[in-house]
Amino acid sequence: MTATLSFDPTTLREAFSAFPSGVVAVAGLVDGLPVGLAASSFQSVSLEPALVSFSVANTSSTWPVLRRAGELGLSVLASHHDQVCRQLAGPAEERFADLPVHVGQEGGVLLDDAVATFECSIEREVEAGDHTWVLLALHSADDLGGDALVFHRSAFPRLTGGSAA
Ligand SMILES: Cc1cc2nc3c(=O)[nH]c(=O)nc-3n(C[C@H](O)[C@H](O)[C@H](O)COP(=O)(O)O)c2cc1C
(Lines give C-alpha, C1' and ligand atoms only; values in the text may rest on other atoms or scores of the structure.)
Protein backbone atom coordinates (compact mmCIF):
# COMPACT_ATOMS: atom_id res chain seq x y z
CA MET A 1 0.00 0.00 0.00
CA THR A 2 1.30 3.51 -0.81
CA ALA A 3 2.27 5.87 2.00
CA THR A 4 -0.63 8.08 3.07
CA LEU A 5 -0.89 11.28 5.08
CA SER A 6 -1.85 10.85 8.68
CA PHE A 7 -4.91 12.72 9.92
CA ASP A 8 -6.16 13.83 13.27
CA PRO A 9 -8.58 10.94 14.05
CA THR A 10 -11.34 13.26 15.35
CA THR A 11 -11.19 15.47 12.26
CA LEU A 12 -11.28 12.43 9.99
CA ARG A 13 -14.15 10.78 11.88
CA GLU A 14 -16.16 14.02 11.70
CA ALA A 15 -15.53 14.42 7.98
CA PHE A 16 -16.52 10.79 7.31
CA SER A 17 -19.67 11.25 9.42
CA ALA A 18 -20.86 14.09 7.14
CA PHE A 19 -21.70 11.39 4.58
CA PRO A 20 -25.14 9.97 5.47
CA SER A 21 -25.74 6.25 5.21
CA GLY A 22 -28.22 3.56 6.12
CA VAL A 23 -27.43 0.84 8.64
CA VAL A 24 -27.65 -2.91 8.13
CA ALA A 25 -27.74 -5.74 10.64
CA VAL A 26 -25.17 -8.32 9.50
CA ALA A 27 -26.16 -11.60 11.12
CA GLY A 28 -25.75 -15.34 10.80
CA LEU A 29 -26.21 -18.56 12.72
CA VAL A 30 -23.07 -19.91 14.36
CA ASP A 31 -23.43 -23.18 16.28
CA GLY A 32 -27.20 -22.66 16.10
CA LEU A 33 -27.15 -19.20 17.72
CA PRO A 34 -27.58 -15.76 16.07
CA VAL A 35 -24.40 -13.66 15.92
CA GLY A 36 -24.15 -10.22 14.35
CA LEU A 37 -23.45 -6.52 14.44
CA ALA A 38 -24.71 -3.19 13.10
CA ALA A 39 -22.82 -1.77 10.10
CA SER A 40 -23.19 1.55 8.29
CA SER A 41 -20.48 0.70 5.76
CA PHE A 42 -22.85 -1.37 3.58
CA GLN A 43 -22.59 -0.61 -0.16
CA SER A 44 -24.15 -2.06 -3.26
CA VAL A 45 -21.29 -3.04 -5.60
CA SER A 46 -22.42 -4.93 -8.72
CA LEU A 47 -25.64 -6.03 -10.44
CA GLU A 48 -24.15 -8.84 -12.54
CA PRO A 49 -22.88 -10.72 -10.67
CA ALA A 50 -24.88 -9.45 -7.69
CA LEU A 51 -22.39 -8.20 -5.11
CA VAL A 52 -22.50 -5.98 -2.03
CA SER A 53 -19.86 -5.08 0.55
CA PHE A 54 -19.29 -3.75 4.02
CA SER A 55 -16.18 -3.12 6.07
CA VAL A 56 -15.48 -4.40 9.52
CA ALA A 57 -12.99 -3.07 12.06
CA ASN A 58 -10.02 -5.34 12.69
CA THR A 59 -10.75 -4.89 16.41
CA SER A 60 -14.14 -6.58 16.02
CA SER A 61 -14.46 -9.61 18.27
CA THR A 62 -17.69 -10.63 16.53
CA TRP A 63 -16.39 -10.84 12.95
CA PRO A 64 -13.97 -13.77 13.50
CA VAL A 65 -17.00 -15.74 14.81
CA LEU A 66 -19.64 -14.40 12.40
CA ARG A 67 -17.51 -15.10 9.31
CA ARG A 68 -17.85 -18.81 10.13
CA ALA A 69 -21.61 -18.68 9.43
CA GLY A 70 -22.10 -20.23 6.00
CA GLU A 71 -24.77 -17.70 5.05
CA LEU A 72 -25.02 -14.08 6.21
CA GLY A 73 -28.24 -12.10 6.44
CA LEU A 74 -28.16 -8.34 5.84
CA SER A 75 -31.22 -6.40 7.03
CA VAL A 76 -31.62 -2.71 6.19
CA LEU A 77 -32.85 -1.11 9.41
CA ALA A 78 -36.14 0.82 9.38
CA SER A 79 -36.55 4.41 10.59
CA HIS A 80 -37.88 3.24 13.98
CA HIS A 81 -34.85 0.98 14.57
CA ASP A 82 -32.58 3.51 16.34
CA GLN A 83 -32.71 1.50 19.58
CA VAL A 84 -32.32 -1.78 17.67
CA CYS A 85 -29.23 -0.31 16.04
CA ARG A 86 -27.74 0.58 19.43
CA GLN A 87 -28.55 -2.94 20.68
CA LEU A 88 -26.85 -4.53 17.66
CA ALA A 89 -23.74 -2.43 18.36
CA GLY A 90 -23.81 -3.05 22.13
CA PRO A 91 -22.72 -5.97 24.31
CA ALA A 92 -22.52 -9.05 22.06
CA GLU A 93 -24.43 -11.35 24.42
CA GLU A 94 -27.48 -9.02 24.43
CA ARG A 95 -27.65 -8.18 20.72
CA PHE A 96 -30.48 -10.59 19.89
CA ALA A 97 -32.38 -10.42 23.21
CA ASP A 98 -36.08 -9.90 22.38
CA LEU A 99 -35.17 -9.01 18.79
CA PRO A 100 -37.72 -10.30 16.26
CA VAL A 101 -35.57 -12.26 13.77
CA HIS A 102 -36.06 -15.25 11.51
CA VAL A 103 -33.86 -17.48 9.38
CA GLY A 104 -34.26 -16.68 5.67
CA GLN A 105 -34.68 -19.22 2.86
CA GLU A 106 -30.93 -19.33 2.27
CA GLY A 107 -30.04 -19.58 5.97
CA GLY A 108 -29.12 -15.97 6.86
CA VAL A 109 -30.47 -14.36 10.05
CA LEU A 110 -32.88 -11.52 9.12
CA LEU A 111 -34.75 -8.86 11.09
CA ASP A 112 -38.55 -9.36 10.84
CA ASP A 113 -39.39 -5.70 10.09
CA ALA A 114 -36.43 -4.58 7.99
CA VAL A 115 -37.05 -2.38 4.92
CA ALA A 116 -34.94 -4.69 2.74
CA THR A 117 -33.13 -7.97 3.28
CA PHE A 118 -30.29 -9.75 1.54
CA GLU A 119 -28.71 -13.17 2.04
CA CYS A 120 -25.15 -13.70 0.93
CA SER A 121 -21.85 -15.47 1.41
CA ILE A 122 -18.31 -14.13 1.62
CA GLU A 123 -16.73 -13.78 -1.83
CA ARG A 124 -13.52 -12.06 -0.75
CA GLU A 125 -11.96 -10.29 2.25
CA VAL A 126 -9.46 -7.51 1.55
CA GLU A 127 -7.18 -5.96 4.15
CA ALA A 128 -7.93 -2.23 4.17
CA GLY A 129 -5.97 -0.40 6.87
CA ASP A 130 -7.59 -0.85 10.26
CA HIS A 131 -10.66 -2.46 8.58
CA THR A 132 -11.30 -5.48 6.40
CA TRP A 133 -13.39 -4.89 3.28
CA VAL A 134 -15.79 -7.81 2.84
CA LEU A 135 -17.18 -8.50 -0.63
CA LEU A 136 -20.38 -10.58 -0.52
CA ALA A 137 -22.13 -12.61 -3.24
CA LEU A 138 -25.93 -12.26 -3.03
CA HIS A 139 -28.28 -15.26 -2.95
CA SER A 140 -31.50 -13.35 -2.19
CA ALA A 141 -32.66 -9.73 -2.25
CA ASP A 142 -36.04 -8.39 -1.09
CA ASP A 143 -37.35 -4.83 -0.89
CA LEU A 144 -39.99 -4.88 1.83
CA GLY A 145 -40.89 -1.16 1.66
CA GLY A 146 -40.86 1.56 4.31
CA ASP A 147 -38.44 4.28 5.38
CA ALA A 148 -34.88 3.37 6.28
CA LEU A 149 -32.93 4.45 9.35
CA VAL A 150 -30.42 7.16 8.45
CA PHE A 151 -27.08 7.55 10.22
CA HIS A 152 -25.59 11.03 9.85
CA ARG A 153 -23.07 12.91 12.02
CA SER A 154 -23.24 10.15 14.67
CA ALA A 155 -27.02 10.56 15.03
CA PHE A 156 -30.24 9.18 13.54
CA PRO A 157 -32.04 12.19 12.03
CA ARG A 158 -35.61 11.67 10.83
CA LEU A 159 -36.11 12.32 7.15
CA THR A 160 -38.85 14.91 6.67
CA GLY A 161 -40.77 15.97 3.60
CA GLY A 162 -41.31 14.04 0.40
CA SER A 163 -38.89 13.04 -2.30
CA ALA A 164 -37.35 15.67 -4.57
CA ALA A 165 -38.97 15.64 -8.01
C1 LIG B 1 -24.58 3.23 13.48
C2 LIG B 1 -23.44 2.25 13.64
C3 LIG B 1 -22.73 1.82 12.53
C4 LIG B 1 -21.68 0.92 12.66
N5 LIG B 1 -21.02 0.51 11.52
C6 LIG B 1 -19.98 -0.35 11.63
C7 LIG B 1 -19.30 -0.79 10.47
O8 LIG B 1 -19.63 -0.43 9.35
N9 LIG B 1 -18.24 -1.64 10.64
C10 LIG B 1 -17.85 -2.07 11.89
O11 LIG B 1 -16.88 -2.82 11.99
N12 LIG B 1 -18.51 -1.69 13.00
C13 LIG B 1 -19.57 -0.85 12.90
N14 LIG B 1 -20.25 -0.47 14.03
C15 LIG B 1 -19.87 -1.07 15.33
C16 LIG B 1 -20.42 -2.51 15.49
O17 LIG B 1 -21.83 -2.53 15.38
C18 LIG B 1 -19.99 -3.12 16.84
O19 LIG B 1 -20.31 -2.25 17.87
C20 LIG B 1 -18.51 -3.39 16.83
O21 LIG B 1 -18.25 -4.36 15.85
C22 LIG B 1 -17.95 -3.84 18.18
O23 LIG B 1 -18.49 -5.06 18.56
P24 LIG B 1 -17.72 -6.46 18.34
O25 LIG B 1 -16.37 -6.37 19.01
O26 LIG B 1 -18.66 -7.44 18.96
O27 LIG B 1 -17.54 -6.67 16.87
C28 LIG B 1 -21.31 0.43 13.93
C29 LIG B 1 -22.02 0.85 15.06
C30 LIG B 1 -23.09 1.75 14.92
C31 LIG B 1 -23.85 2.20 16.15
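**View 1. Pro-49 sits in the loop that runs between β3 (43–46) and β4.** This close-up, like the others here, comes from a predicted model. Look at the peptide bond from Glu-48 to Pro-49: this one is cis, and its omega is near 0°. For context, most peptide bonds are trans.

**View 2. Asp-98 is found in the loop between α3 and β6 (101–103).** Here the backbone is the thing to check. Asp-98 isn't a glycine, yet its phi is positive, at about 60°. Most residues other than glycine have a negative phi.

**View 3. The ligand has a shell of 16 residues around it, and Ala-38, Ser-41, Ser-60, Ser-61 and Thr-62 come nearest.** If you sort the shell by residue type, you get 9 nonpolar, 6 polar and 1 charged. As for where these residues come from, at least two each are supplied by β2 (33–39), β4 (51–57) and α3 (82–89).

**View 4. Zooming in on the ligand's polar atoms brings up Ala-38, along with a backbone N or O atom that lies 2.7 Å from a ligand oxygen.** Ser-40 also uses its backbone: an N or O atom there lies 2.9 Å from a nitrogen atom of the ligand. With Ser-41 it's the side chain, which places a polar atom 2.6 Å from an oxygen atom of the ligand. Taken alone, the ligand would expose 620 Å², and the protein buries 77% of that.

**View 5. Pull back a little and you see the largest pocket, with a volume of about 1400 Å³.** Its lining is made up of 35 residues, and the closest to the pocket's centre are Phe-16, Ser-40, Ser-41, His-131 and Phe-151. Two or more lining residues come from each of α1 (9–17), β2, β4 and α3. This is also where the ligand goes: the space it takes is the largest pocket. Ser-41, close to the centre here, is the serine whose side chain reaches to 2.6 Å from a ligand oxygen.

**View 6. Now for the wall of the largest pocket, where α1 gives the most to the lining, with 6 residues.** By type, the lining of this pocket splits into 16 nonpolar, 13 polar and 6 charged residues. Set that beside the shell around the ligand, with its 9 nonpolar, 6 polar and 1 charged. The strands β2 and β4 and the helix α3 turn up in both places, as contributors to the ligand's shell and to the pocket's lining.

Note on methods:
Residues numbered from 1 in each chain as written. Predicted model: local features only at pLDDT ≥ 70, side-chain atom pairs only at ≥ 80, totals over all residues. Heavy atoms only, no water. Near = heavy atom within 4 Å. Polar contact = N/O pair within 3.5 Å; in protein donor to acceptor, adjacent residues only side chain to side chain. Areas by Shrake-Rupley, 256 points an atom, 1.4 Å probe, with all protein chains shown as cover. 1 Å grid on protein atoms, 1.4 Å probe; cavity = no way out; pocket = protein on both sides within 12 Å on 5 of 7 lines; lining within 4 Å. Sits in = over half its atoms within 2 Å of the grid points. Helix = DSSP H or I, 4+ residues; strand = E, 2+ residues; numbered from the N terminus. Nonpolar A, V, L, I, M, F, W, Y, C, P; charged D, E, K, R; others polar. Points joined across faces, edges and corners; volume = space filled by probe spheres on them.
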